[in-house]
Amino acid sequence: MSNVPIIGEKKMDNEPMFRLLFCLVCQTLNELPPYDGDPELDHLLAIACESHVFPSGEPHKGKLFVLPLRAWAKSESKKEIIRQIKGGGSKGLAEVDDTFYESRSTFMEGAMECYQRHNKPKDGCVDWQDKSKLLIPNTIKERKAEGMARYQDEAGPKTYLCNFCPVSIGVNQRKQKLLGGRA
């Protein structure tokens, strides 16, 4: 039996999942962390979609898939998932370019660039959760029109580029230890 999930198949309980955004216009795949909540509040998806617009400002069309990490981690099943998403048929441009079907972990790339720029810190970072690292969707006009405060001024949890950095592991372990948990 194949380890490749069928797109649209019901997810299995307690299995780590992630999301895959497929732009029908650009033919690109972007990896996103899981999200279970009101789609209107999914700011990471909104940020990932911001680069997918026509010069007129009209957004590209796309599809969002929720997939198990176990299947995505294996290169053969990853290729099969991409084949399902892109419609099957021939190997397409993978016959010409082996890297054509690679996806991007949208926020991980930015976090790793920052991590490298700061010489791979171990215990913390000079700009840990600095306001410049806050991931903010470009919804300023819409929020203003609705009489809402700026995203960064609203109450509630915020997501920083730092959350995708290796430094966050150490920070979370220290936090857990301070709160009396096991590290």
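**Exercise 1.** Determine which residues of helix H6 are buried and how they are arranged about its axis.

*Solution.* Begin with accessibility: in H6, the residues Val167, Ser168, Gly170 and Val171 are buried, where buried means under 20% relative accessible area and exposed over 50%, with partly exposed in between (1.4 Å probe, protein chains only). Viewed down the axis of H6, the buried residues fall within an arc of 160 degrees, so they line one face of the helix; the arc is that of the directions from the helix axis to the C-beta atoms. The face turned away from this buried side carries the exposed residues Ile169 and Lys177.

This is a predicted model, in which local features need pLDDT of at least 70 and side-chain atom pairs count only at pLDDT 80 or more, while totals for chains, interfaces and linings use all residues. Residues are numbered from 1 along each chain as its sequence is written, and side-chain values use heavy atoms, with hydrogens and water left out.

**Exercise 2.** Compare the span of H6 with its expected value, and establish what follows the helix.

*Solution.* Helices are DSSP runs (H or I, at least four residues), numbered from the N terminus. H6 covers residues 167-178, twelve residues, and reaches 17 Å from its first C-alpha to its last, close to the 16 Å expected at 1.5 Å a residue; the expected span is 1.5 Å times one less than the number of residues. After H6 comes glycine 180, whose phi is positive, near 90 degrees.

Note on methods
Helix = DSSP H or I, 4+ residues; strand = E, 2+ residues; numbered from the N terminus.
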